Every structure is written in structure tokens, then in C-alpha cells.
Amino acid sequence: MNKARSSLAILCIIFLMSTLLLACSSNKEQNSQAPATTAAPAAEASATAAAVAATRSYTDYKGHTAEIPVKPQRIIYSGETYGDLIALGVQAIGYPLSMGEGQVFEDKLGGVEDVGFPINLEKTVELQPDLIIYAGIEEADYEALSKIAPTIIFNTFAPLKERMLELGDLLGKKSEAEAWLAQYALKEQAMWAQLKASGMKDGETASVFTYYPGDRLFVMATTGLSQVLYGEQGFKPTPTIQQVLDEGMGFQEISMEVLREYAGDRIFLLTPIAEEAKQSTDKLLESAVWNSLPAVKNGFVYTQDIMKTSSDASTREWLLGEIPAMLGKQ
């Protein structure tokens, strides 16, 4: 009986020792694996932080060189063509919201802080940007902004392709910029094919006019709606407008006396914002000069809100659908 109890005791001790050894072995395995499971996320976080913190030298078109983030996260954009950023899937933390009023992208400005126009330096400091993209040309403004954060001066009057590729480079969105330009080209080609199938003739000319306060009549050239109309497959400018284009001008003031020389086979009239300019437009529409133009007689006149004809990428893409709609209402 005692021998049986002794044997049982020995077996229990052996069992307990085996259990303890297995537990220790398991703990060792877990401890050896734990660092491996946490090392990967830690390494990824470190790599992301390094990418965000990395900088590179960049020289803007005015010759200013700055050390800018490789992947900027907190961008303030002060200037026209904000729709370029939206087309690239980028939202700035600060922008002059008054510039976005009435634009086709106005409903996409939620959460963007208003930095005012001219840009408010105190608000800019408060937002703690890591990159400021500024469309002004005043050196004093540039100096003040560059003391807050890396600042580059951006040419919002450059052609669409040039702007998009430069922004893609600035924002770490090169592939997105190239993809957007490719799909835009396909949509543009499809639009002109649609218009020609519905009656647009090769060689037709077009003009874009608008009034500014002070009874000032302007013909549009390298800006806004004209940039779309005068595409490679699109309408042609009249010889007088071609001269304005050759000089690289966005627009030119003209008088009523020479209106006929600038008027094309089709006329696009931009509805102004200011009440005084609207009154000038109404007088134009009642004038004998206007009503004698071939485009007017043929019913080839189209109106559009001037705020919906900006040069930015988002508006340009919107216009590809809007132009056929306008021409279809004739």
C-alpha cells in the first residue's frame, strides 16, 4: 500500500514537472514571437513618418527655391484654379473661400478654413501648414508667407496640362495627374465627335465676350471657356482673336465699334456678376450692332454664368458636358 502511494506520488511529481516545462517552453515561444508581430507595424509607422518628414528642394517659376515636403499633408492654397487640387483628390486645409463662391466645385469646400483674400497671415500661422501654394506675385507677400512655412508661387494662368503635371509633382500625385489628363483627353475627344455628329462644321469660328463694370467689353482668349472651345478639334478663333492668343493674353478689352471683327460664327456670352456689368450686357443685346451679327441672326448665341467657366480642371471637365447642352438649346 505504501509502495503504491509512493509510486502515485512520483507520477504526480513527474506530471507536474512536465506541465511546468511545457508552460515555460510556450512562454519562451510567445516571448520570442512578440517582438516580431509588433516590429512590422512599428517599422511601417516609422517609414510613414519619415516620408512625411522628408523634404526636397523645389524652384518655382519665379525663381524662388524652397525646401518643401515630399508628401505635404497640410496645404494652404491661395489663388485661382483650386479645382485642380480637387481633380487630384486633394483637399487643402486653407483657401480663400470667397474665390470658390459660385464655382462648380463650391459644394466640395466643406471643412476648408477661410484664409481670406488677400491672405490673412494670422490665420495662416494658426493653421500650421507644411506647404503654401500661392498665386500672387508680390515679393513682400512671398517673404511673409515663406517665414510661416515652405512657400512656392504657382502660375494659375499656365495651360491645364502644365498646371496639373506641376501640381502632381508638388503634391506627390504624379500618377494621379497623368491619369486625370488621359481621361480628360478621351472625354474631350468624345465631346467634339458628338458635336460634329450633331451639325458642327469643320472650321467654324467662335467668340467669347463678357462685360466688366465701367461699360468695359472684353473678348476672352487664353482663359476659361475659350481654352476648351479652341481645343485642337474644336472651334477656331477669328483672325483678330488669334492675334490676342498669339500674344498670350487671357483677354482683351474692345469697343463696340470693332465687335463685328471679333464675332465668330458662334458667340458665347458670359453673364457677369456686377449689376452694372449686367446692365451693360442688356444694352448690348438691344443694340443694332449686336443684332446685325450673323451669329445672332442664325441663333448661334449661348449664355453661361461667368463663374461656371473658370480655367480649373474640375470646371473644365464639367464644361465638357455643359457645352453640348448649351449648343443643344439653340
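## Close-up views of the predicted model

**Helices α6 and α13 run roughly parallel to each other.** On the scale used here, angles under 35 degrees are roughly parallel, over 145 roughly antiparallel, 65 to 115 roughly perpendicular, and the rest oblique. This is a predicted model, in which local features need pLDDT of at least 70 and side-chain atom pairs count only at pLDDT 80 or more, while totals for chains, interfaces and linings use all residues. Residues are numbered from 1 along each chain as its sequence is written, and side-chain values use heavy atoms, with hydrogens and water left out. The angle between α6 and α13 (residues 313-328) is about 10 degrees, and their axes lie 10 Å apart. Axes here are lines fitted to C-alpha atoms, for helices over the stretch in contact, and angles between N-to-C directions run from 0 to 180 degrees. On the α6 side, Trp180, Gln183, Tyr184, Lys187, Glu188, Met191, Gln194 and Leu195 take part, and they meet Ala313, Arg316, Glu317, Leu319, Leu320, Ile323, Pro324 and Leu327 of α13. Contact means heavy atoms within 4.5 Å.

**The protein chain as a whole sets the scene for the closer views.** Expect 13 helices and twelve strands; these are DSSP runs numbered from the N terminus, with helices being H or I over at least four residues and strands E over at least two. Of its 330 residues, 42% count as buried, where buried means under 20% relative accessible area, exposed over 50%, and partly exposed in between (1.4 Å probe, protein chains only). About 17,500 Å² of the chain is exposed, with carbon and sulfur atoms supplying 56% of that area. Accessible areas come from the Shrake-Rupley method with a 1.4 Å probe, and for residues only the protein chains shown count as cover. Taking contacts between residues at least 6 apart in sequence, 62% join residues at least 24 apart.

**The largest nonpolar core holds 71 residues.** A nonpolar core is a set of buried Ala, Val, Leu, Ile, Met, Phe, Trp, Tyr and Cys residues joined through side-chain atoms within 4.5 Å. Look for Tyr82, Ile133, Leu170, Leu171, Phe209, Phe268 and Ile323, the residues with the most contacts inside this core. Helix α6 (residues 174-197) contributes the largest share, seven residues. Set apart is another core, of eleven residues, including Ile93, Leu127, Ile132 and Tyr142. Beyond its neighbours within four places in sequence, Leu170 is in contact with Arg56, Tyr58, Ile68, Pro69, Pro72, Ile133, Ile152 and Phe154.

**Helix α5 (residues 160-170) packs on α6 at about 155 degrees, with the axes 7 Å apart.** The pair is therefore roughly antiparallel. Their crossing is right-handed, a term for a near helix turned clockwise from the far one by less than a right angle (left-handed if anticlockwise). Leu160, Lys161, Met164, Leu165, Gly168 and Asp169 of α5 make the contact with Lys174, Ala177, Glu178, Trp180, Leu181 and Tyr184 of α6. Buried residues of α5 are Leu160, Arg163, Met164, Glu166, Leu167, Gly168 and Leu170. After α5 comes Gly172, with a positive phi near 70 degrees.

**Several loops have backbone details that deserve a close look.** The peptide bond from Phe117 to Pro118 is cis, its omega near 0 degrees. Pro118 sits in the loop between β5 (113-114) and α3 (121-127). In the loop between α3 and β6 (131-134) you will find Gln128, a non-glycine residue with a positive phi of about 50 degrees. Gln128 counts as exposed because its relative accessibility is 60%. Asp215 also has a positive phi, near 60 degrees, without being a glycine, and lies in the loop between β8 (206-212) and β9 (216-220).

**Gly264 lies in the loop between α9 (259-262) and β11 (266-271).** With a relative accessible area of 8%, Gly264 is buried. Leaving out residues up to four places away in sequence, Gly264 touches Thr205, Ala206, Ser207, Thr238 and Ala295. Its C-alpha is 7.8 Å from that of Glu204, 60 residues away along the chain.

**Glu232 belongs to the loop between α7 (225-229) and α8 (239-246).** This residue counts as exposed, at 77% relative accessibility. From Glu232 to Glu188 is 9.9 Å, C-alpha to C-alpha, with their positions 44 residues apart in sequence numbering.

**Thr281 is part of helix α10 (residues 275-286).** Thr281 is buried, at 8% relative accessible area. Its contacts, not counting residues up to four places away in sequence, are Tyr211, Leu269 and Pro272.
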